[in-house]
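These are my notes on the model, set out as numbered points. Please read them alongside the coordinates.

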Amino acid sequence: MKTECVGDYVKLRGKTYPCTVSLTMDLVGGKWKAVILYHLMDQPKRYNELRKEMPAITEMTLSLQLKQLEKDGLVQRKVYGKKPPVKVVYSLTGLGKTLVPLLEAITQWGNQVVSDSGEFIKAS
């Protein structure tokens with residue numbers, strides 16, 4: 001029997017899932033979560049740096065996704081200073097860093113698919 005199917009359900013931080021794949025997809029699934037994590041893999045970044053690296057994401061979506069990733073324990077938000085303008089930096093937590101091999105595998109797979117069947121397009 002597969003490890004993820006030993007019980008009927010799995011539980012993390014009070015939330016119940018039918019399996020570990022469901023848990024993982026809840027944490028990193030969707031259009032933007034993995035992309036945000038990918039951009040934080042190499043170094044911490046400020047909000048505006050993330051916006052520049054992901055021009056297609058709306059400010060509201062980026063803000064909501066960062067809050068969700070922080071709540072799920074994958075991203076840390078650190079505030080420097082006490083009065084505006086404050087400096088806010090986002091980085092991967094220890095748990096978030098454990099996703100780096102997965103993010104690298106997803107990136108490699110996507111690059112291979114585009115190399116085989118698509119094309120890389122430079123922004124104009």
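1. Val 79 has Val 88 in β5 as its bridge partner. This pair belongs to the antiparallel pairing of β4 and β5, which extends over 6 bridges. The model is a predicted one, and every remark below should be read with that in mind.

2. Further along the pairing with β5, Arg 77 stands opposite Tyr 90. Tyr 90 is also the bridge partner of Lys 45. The β3 to β5 pairing is antiparallel as well and consists of 2 bridges.

3. What is the strand order in the open sheet? The 3 strands are arranged β3-β5-β4, with antiparallel pairing. β3 (45–46) and β4 are at the edges and have a single partner strand each, so each has one side without a neighbour in the sheet.

4. The connection between β4 and β5 deserves a look at the backbone. The two strands form a hairpin with 6 residues between them. Gly 81, in the turn, has a positive phi of about 95°. The peptide bond from Pro 84 to Pro 85 is cis, with omega near -5°. Pro 85 is placed in the loop between β4 (75–80) and β5.

5. A second backbone item is Arg 13, which has a positive phi of about 50° although it is not a glycine. Arg 13 lies in the loop between β1 (10–12) and β2 (15–17). Is Arg 13 buried or exposed? Its relative accessibility is 53%, and it counts as exposed because the cut-off is over 50%.

6. β5 is mostly covered, with 5 of its 6 residues buried. Ser 91 lies in this strand, which spans residues 87–92. With a relative accessibility of 15%, Ser 91 counts as buried because that value is under 20%. Leaving aside residues up to four places away in sequence, Ser 91 touches Pro 44, Leu 74, Val 75 and Gln 76.

7. Which residues have the most contacts inside the largest nonpolar core? They are Ile 36, Leu 37 and Val 75, in a core of 24 residues. At least two residues of this core come from each of α1 (20–28), α2 (33–40), α4 (59–71), β5 and α6 (100–117).

8. Val 75 can be followed outward from that core. With residues up to four places away in sequence not counted, the residues that Val 75 touches include Leu 37, Leu 40, Leu 66 and Leu 69. Glu 70 is also among its contacts, as are Tyr 90, Ser 91, Leu 92 and Thr 93.

9. α2 lies across β3, β4 and β5, and runs at about 100° to β5. α2 also packs with α4, at an angle of about 75° and with the axes 10 Å apart. The two helices are therefore roughly perpendicular. On the α2 side the residues that meet α4 are Lys 33, Ile 36 and Leu 37. Their counterparts in α4 are Leu 62, Gln 65, Leu 66, Gln 68 and Leu 69. Ile 36 and Leu 37 were named above for their contacts inside the core.

10. How many salt bridges does the structure hold? The count is 2. One is formed by Asp 26 and Lys 15, with the closest N and O atoms 3.1 Å apart. Asp 26 is in helix α1 and Lys 15 in strand β2, so the pair ties together parts that are 11 residues apart in sequence. Asp 26 is partly exposed, with a relative accessible area of 28%. Lys 15 also counts as partly exposed, at 41% relative accessibility.

11. Another salt bridge joins the side chains of Glu 53 and Lys 45, at 3.7 Å from N to O. Glu 53 is partly exposed, with a relative accessible area of 34%. Lys 45 is buried, with a relative accessible area of 7%. Lys 45 is thus a point where two descriptions meet: Tyr 90 in β5 is its bridge partner, and Glu 53 is its salt-bridge partner.

Notes:
Residues numbered from 1 in each chain as written. Predicted model: local features only at pLDDT ≥ 70, side-chain atom pairs only at ≥ 80, totals over all residues. Heavy atoms only, no water. Helix = DSSP H or I, 4+ residues; strand = E, 2+ residues; numbered from the N terminus. Buried < 20%, exposed > 50% of the residue type's maximum accessible area, 1.4 Å probe, protein only. Contact = heavy atoms within 4.5 Å. Core = buried A, V, L, I, M, F, W, Y, C linked by side-chain atoms within 4.5 Å. Pairing = 2+ DSSP bridges. Axes fitted to C-alpha atoms, helices over the stretch in contact; angles between N-to-C directions. Salt bridge = Lys/Arg side-chain N within 4 Å of Asp/Glu carboxyl O. Parallel < 35°, antiparallel > 145°, perpendicular 65-115°, else oblique.
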